[in-house]
Amino acid sequence: MDASDWQPTACILCECNCGLEVRLGGEGGRHLVRTRGDRRHPVSRGYACEKAHRLDFYQHGRDRVLAPLRRRADGSFETLDWPTAIREVAERLARVRDTHGGASIFYYGGGGQANHLPGAYATATRAALGSRYRSNALAQEKTGEMWVSHRMFGASTRADFEHCDVALFLGKNPWHSHSIPRARVTLKELARDPGRTLVVVDPRRSETAELADIHLQVRPGGDAWLLAALGAVLVREDLVAHDFLRAHATGLEPVLAALRAVDIAAACERAGLDEALVRRTAGVLGRARALASFEDLGVQMGPNSTLVSYLHRLLIALTGSFGKPGSHFVPTTLVPFTGGAGKGKSPVAGATLVGGLVPCNVLAEEILCDHPARYRAMIVEAANPAHSLADSARLRAALASLDTLVVIDVALTETARLADYVLPAATQLEKAEASFFNFEFPRNAFHLRPRLLPPPEGPLSEAEIHARLGAALGAVDEATLAPLREAASRGRAAYAEAFMTRVMPDPRLMSQASTILYRTLGPTLPEPLREGAVLYGLALRAASKHGASLARAGFGGTPLEAAGALFDALLARPSGVVFAVDEWSQCFERIGTPDGRIHLDLPDLLETLGALCASPAEVRDAAFPFVLSAGERRSFTANTILRDPGWRLADAAGALRLSPADAAALGVETGGRVRLTTRRGSAVVTVEVSGTMQPGHVSLPNGLGLHYPTDAGEATTGVAPNELTAVEDRDPFVGTPWHKHVPARLEPVAPGEA
Ligand code: SF4
């Protein structure tokens with residue numbers, strides 16, 4: 001086998017984006033016939049899980065869109081040529097802008113896992129239209145954590161699990177949902193080492209919980225009580241890092257008072273946990289040399305989620321678990337992909353925007369109303385909100401009521417089916433692409449992956465689509481581009497000077513910087529890397545903001561020299577580049593609060609903690625006695641870019657998991673069926689009886705219920721979780737949905753019942 005047969009790329013199925021090497025073959029040489037982890041990738045270092053090996057199912061989906069589509073009056077689609085599609089889309093959106101204002105044009109998406117360049121190019125189209133409001137999946141999941149983190153630390157933090165002696169996972173099963181580099185290797189190392197302790201908080205005995213030293217099998221929805229109890233024990237037993245707090249934090253006293261007031265026994269009772277085990281766990285956390293922790297959707301999509309994020313961060317601060325190896329850090333970022341400040345409100349519901357994102361759960365109500373500021377048009381790019389947001393039926397009605405819905409995507413998704421126009425995009429293997437989720441420390445890496453395959457006739461990269469839309473909207477003209485192109489032909493230094501003198505001083509042109517870079521610098525790049533042109537602007541920003549970190553990684557000199565060297569390295573190293581090397585002390589410089597200290601006292605959340613502890617015992621609706629966790633990550637679930645059900649080697653139907661006791665009470669066995677009913681919907685589901693579930697708790701996987709073409713027509717495999725969820729069930733602070741805590745009931749299905 002020739003080593004040159006293997007070509008570098010990345011897995012696109014979770015935020016780790018492990019480096020891969022693939023061999024192409026099969027019909028037309030367009031199939032991924034072999035896949036392996038790429039040892040040269042600076043973060044994953046050869047690691048890849050089982051999901052990466054069947055990416056050919058993504059590349060060769062049967063529902064690929066190969067030409068621009070326009071909806072006819074009868075609801076069917078007709079194909080268009082690109083010039084007509086671009087002209088009509090630009091005209092329709094410009095008409096909405098001119099009639100109702102640009103703020104009435106909503107932008108959703110911008111890229112999935114490892115597919116973040118579309119969002120960078122879309123900024124130009126959004127600016128040309130004056131589109132102000134946007135959202136994406138982060139506002140389904142992470143905005144509570146972002147909001148709390150920015151109020152306390154003025155930054156988002158991550159954790160170093162490789163060097164910790166205590167690891168804590170809250171509502172997180174990294175065995176299947178990953179999020180940390182080389183997750184299974186790291187988990188096994190933690191589990192094997194008697195000097196280290198792995199703590200897992202999960203209502204289910206997950207694969208990670210199986211490896212844990214301490215599994216706190218919390219009652220579903222009981223996480224806030226557990227964290228309140230852990231914090232209270234830390235305070236009562238004085239396991240608080242006083243020196244650290246004196247040096248780096250402010251607002252300790254109100255926090256100590258609030259935690260002292262927690263009734264530990266009652267909180268453990270509400271969490272469904274043995275008090276002695278909770279006390280022992282608090283001791284382990286409080287005495288850790290280095291504690292690393294991670295909260296994820298298990299707690300972020302459940303009741304009290306923002307309070308949980310706050311209590312989690314108090315735990316980090318009270319134990320001094322920040323700014324030292326094995327604890328929490330603030331990484332250097334090449335791309336400032338989001339902030340966490342709660343600035344601004346959505347125009348109709350008045351919902352808080354965190355990181356500039358409208359909570360997904362208010363989207364339908366901000367369309368289905370007669371408010372003058374309602375959204376009238378929408379661009380959806382590399383996202384499938386009709387499937388992934390709560391109460392799909394209501395969102396479908398909202399999308400259908402828009403003046404104009406434009407979808408830019410690879411496949412005819414559930415959202416694309418509702419569109420007025422579908423603009424077909426190249427797959428992630430048919431263009432240069434990158435992930436902006438670069439969260440490593442102290443050595444942080446960025447991976448610009450070259451295109452592996454030319455796109456077939458029809459689809460275009462998002463960079464090209466946005467450049468064409470910008471031209472049609474009159475945002476950029478040839479007179480602007482020509483001198484920059486000419487400068488680019490004279491070399492990088494001439495181009496940099498032209499860009500800095502012609503584009504950077506002009507806010508209108510700066511709003512189009514991404515597509516200007518693509519149209520002028522892009523043509524000088526090797527064709528498989530053209531969409532990477534926007535990274536030159538981002539490298540310039542990083543060089544001026546993080547010069548010392550870039551210099552330690554070998555990109556020194558003036559900001560211009562450093563940016564040029566980094567950009568060249570990104571182009572030249574197809575397995576990724578270490579672009580920043582940090583020092584742990586820099587974490588404290590990156591605390592972004594006005595006084596540079598960690599702010600412990602968030603009065604609104606301390607008040608919520610007080611109310612939580614004073615609340616009466618949980619009352620469940622007798623009509624819905626079960627708690628459904630909708631959207632569990634399993635061995636063969638991923639985001640919905642993998643639409644072909646054939647990719648799953650296990651759990652083909654996406655079974656509902658339930659405990660043996662519940663199965664016995666219902667008289668059902670694995671492979672049997674039950675009717676699952678929530679306040680919003682009902683579905684007949686296949687059952688998997690699992691000892692990992694506690695009685696009263698059932699779970700459905702994510703990513704199922706997609707409509708997919710078959711030889712016999714079309715099939716839908718499994719249940720789309722959001723046919724069962726309600727937008728009203730959401731966090732009161734940031735609007736994140738409670739998908740992990742859906743009240744439900746189960747009933748036996750009579751033989752033959754559909
Ligand atoms: S699914 Fe995640 S952990 Fe697995 S190979 Fe892909 S990127 Fe890596």
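In the predicted model, Asn304 is found in the loop that separates helix 14 (297-300) from helix 15 (305-318). Although Asn304 is not a glycine, its phi is positive, at about 65 degrees. The relative accessible area of Asn304 is 22%, so this residue is classed as partly exposed, given that buried means under 20%.

A positive phi of about 75 degrees is also found at Ser179, again not a glycine. Ser179 is placed in the loop between helix 6 (174-177) and helix 7 (183-192). With a relative accessibility of 8%, Ser179 counts as buried, because the cut-off for that class is under 20%.

A further backbone feature is the cis peptide bond between Phe441 and Pro442, for which omega is about 0 degrees. Pro442 belongs to the loop that runs between strand 20 (433-434) and strand 21 (443-446).

An open sheet is formed by 7 strands, arranged in the order 5-4-19-18-17-6-7 with mixed pairing. Strand 5 (77-79) and strand 7 (134-135) are the edge strands, each paired on one side only. Within the sheet order, strand 6 stands between strand 17 and strand 7. Strand 6 (residues 105-109) and strand 17 (residues 377-381) run parallel and are joined by 5 bridges. Across this pairing, Tyr108 is opposite Val380 of strand 17. In general, strands of a sheet pair through backbone hydrogen bonds, in either a parallel or an antiparallel manner.

Helix 13 comprises 12 residues (275-286). At 1.5 Å a residue, a helix of this length should span 16 Å, and the end C-alpha atoms of helix 13 are 16 Å apart, which agrees with the expected value. The buried residues of helix 13 include Val278, Thr281, Ala282, Gly283, Leu285 and Gly286. An α-helix has 3.6 residues a turn, so residues three or four places apart point the same way.

At the surface, Met500, Met504, Met510 and Leu560 make a nonpolar patch of about 310 Å². Of these residues, Met500 lies in helix 20 (residues 492-503). Met500 is partly exposed, its relative accessible area being 33%; this value qualifies Met500 for the patch because membership requires over 30%.

Methods:
Residues numbered from 1 in each chain as written. Predicted model: local features only at pLDDT ≥ 70, side-chain atom pairs only at ≥ 80, totals over all residues. Heavy atoms only, no water. Patch = residues over 30% accessible without salt bridge, like charges linked within 9 Å, V, L, I, M, F, W, Y side chains within 5 Å. Areas by Shrake-Rupley, 256 points an atom, 1.4 Å probe, with all protein chains shown as cover. Salt bridge = Lys/Arg side-chain N within 4 Å of Asp/Glu carboxyl O. Helix = DSSP H or I, 4+ residues; strand = E, 2+ residues; numbered from the N terminus. Buried < 20%, exposed > 50% of the residue type's maximum accessible area, 1.4 Å probe, protein only. Expected span 1.5 Å × (residues − 1). Pairing = 2+ DSSP bridges.
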